[in-house]
Number of protein chains: 2
Amino acid sequence: MEFYPPSLVRLIKHLSKLPGIGQKTATRLALHILRSSDEDAKALSESILEVKNKIRFCSKCFGLSEAGPCRICLNKNRDHTIVCVVEHPSDLAALEKSGAFKGVYHVLHGALSPMNGIGPDDLRIKELIERVKQGGIEEVALATNTNVEGESTASYLVQLLKGYPVRVTRIATGVPVGGDLKYLDEVTLRRAMERRESRFCRD
Amino acid sequence: MEFYPPSLVRLIKHLSKLPGIGQKTATRLALHILRSSDEDAKALSESILEVKNKIRFCSKCFGLSEAGPCRICLNKNRDHTIVCVVEHPSDLAALEKSGAFKGVYHVLHGALSPMNGIGPDDLRIKELIERVKQGGIEEVALATNTNVEGESTASYLVQLLKGYPVRVTRIATGVPVGGDLKYLDEVTLRRAMERRESRFCRD
C-alpha cells in the first residue's frame, strides 16, 4: 500500500469499509476513480453527501423518504387498510418491484435478535401499534424474513396484535417459483408439503 | 429503482459506473452508505475529491505522485541505472510489493493496441526514449504484461531502443510459483519448456 500516494491509500481505506469490498477491489475502484473524469468523481462524491443529508425516514411508515411522508403513504390510490410489515427498506423495494402489494407499509428497521441485543424497543414496533390503535387498518400482513429472527419477530407481533380488531396474516412459505426440489433444504420442503394446497377435489 | 428516493437512485447510478459493480451491488453499497455514520460518509466523499485533486503523474517516471517527482524517483538508495517499464501504476505497485526490483520505473499508461486505436503517441514512449537519451541508464527491463498487447509493446520498444547503448531485458515467462501444471494453458507450458533452465550438468 505504501507504493501509492497517501491520498490514494486513504480512499482505498474508506472504500474497503463498504460491504463485500476487500482491499483488492477497493484498490481497483480507487484507481478507476482516479482515472475517471473530474465530473464523474465529483458527481459520485456529491451524491454520497446528498444521500446522507436528504434522506429521512417517512414519518408514517419509516420507509425512506426525502420529506415528511413517503410517496407510498401519500398515494391515495393505494389501499390504506392493509399494512405490510417488513424488516428493511430494501425488503419494501423488493415487494414494490414484484408489484404484488397495493397497500401501505411499515418498516421495522430490523428484526428481534436477543443474540445481538436487539429487542422490541430497538425496532419501530411501538409505532406500528400506534398506527393500529388509530384505526382504519383492517389487516396487518407480516412480511418479515423467513429466517429465525424474522419468524420470531412475526410471532411476537402476532401476540402483540391479538388485542386489536385487525386481521393478522403472514407471507406464505414454500418452494420458490422455478425452484428445483432437489436443491431445496429439508425445512422448506417439509413446510411446503405440510401447507400443500388442494387443486382438485372429487367430492 | 423508483421505490427509492431520487437522491438514493442517483447514488446507485453513480456507484454502478464503477468496474465490477452492477445494479444490485450498487444498491447494497448505497444502502450501506445511507446507514453509515455521517463521518464515514463524509470521509469517503472527501477522499474521492482529494484523490482527483492531489494526485498527479510523476514528472520523471509518470507513476502516481502528489507533487513533482515520486518517492521512488527521489530515493537515492535505488538503482537509477535500471529502468523497469510497466503499463500501469498498479503494475508498478505489484512489483514494489514483491520487493523484486530496486531500480526505478517508467509507466507507459497503457499498451499498444491498434484494435482500440492506441498507438505509440498515446503512451509515454517518447518520454522513455528521452530518458534513455539523457544517459545514465544501463538497462531497460520491459515488464509490460505478457498478453498480446504487452508483448507487442515490448517488441516495439526493443526495436526502438536498438539504437541506444542500453541493455534491454524482458521479464521472464513460465509456470507461476505454486502453479499446478494441469491447470496451466498450453502456450505458457510450451514457453516454459522451451526456456527450461539447467540445474545440474554432468560435464
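Let's start with helix 6 of chain B, residues 125-133. In this predicted model, helix 6 lies across strand 3, strand 4 and strand 5 of chain B. Its direction runs at about 145° to strand 4 of chain B.

Now the sheet underneath. What is the strand order in this open sheet of chain B? The order is 4-3-5-6, and the pairing is parallel. That makes an open sheet of 4 strands. As a reminder, strands of a sheet pair through backbone hydrogen bonds, either parallel or antiparallel.

Next, the edges. Strand 4, residues 103-107, stands at one edge, and strand 6, residues 167-170, at another. Each of these chain B strands has a single partner strand, so one side of each is left without a neighbour in the sheet. The twist from one strand to the next averages 25°.

A second helix packs here too. Helix 5 of chain B, residues 89-98, packs on the sheet. Helix 5 touches strand 3, residues 79-86, and strand 4 of chain B. The angle between the directions of helix 5 and strand 4 of chain B is about 160°.

Let's zoom in on strands 5 and 6 of chain B. Strand 5 covers residues 139-142. How many bridges join strand 5 of chain B to strand 6 of chain B? There are 4, and the two strands run parallel. Look at the pairs. Arg167(B) in strand 6 stands opposite Glu139(B). Thr169(B), also in strand 6 of chain B, is the bridge partner of Ala141(B). To get from strand 5 to strand 6, the chain B path goes through helix 7, residues 148-161. This β-α-β crossover is right-handed.

Over to chain A and its domains. Chain A is divided into domain 1, residues 6-54, and domain 2, residues 70-201. Their centres, taken over C-alpha atoms, are separated by 35 Å.

Last, how the chains relate. Chain A superposes on chain B with a rotation of 180° and 0.1 Å of shift along the axis. The RMSD is 0.1 Å. The two copies are thus related as by a two-fold rotation axis. Which C-alpha of chain A is nearest the axis? That of Ser45(A), 2.2 Å from the axis. And the contact surface? The same surface serves both copies. Of the contact residues of chain A, 100% recur in chain B.

Note on methods:
Residues numbered from 1 in each chain as written. Chains lettered and ligands numbered in written order. Predicted model: local features only at pLDDT ≥ 70, side-chain atom pairs only at ≥ 80, totals over all residues. Heavy atoms only, no water. Domains from an automatic or database assignment. Pairing = 2+ DSSP bridges. Axes fitted to C-alpha atoms, helices over the stretch in contact; angles between N-to-C directions. Contact = heavy atoms within 4.5 Å. Right-handed = clockwise from strand over helix to strand, strands pointing away. Least-squares fit on C-alpha atoms with pLDDT ≥ 70 in both.
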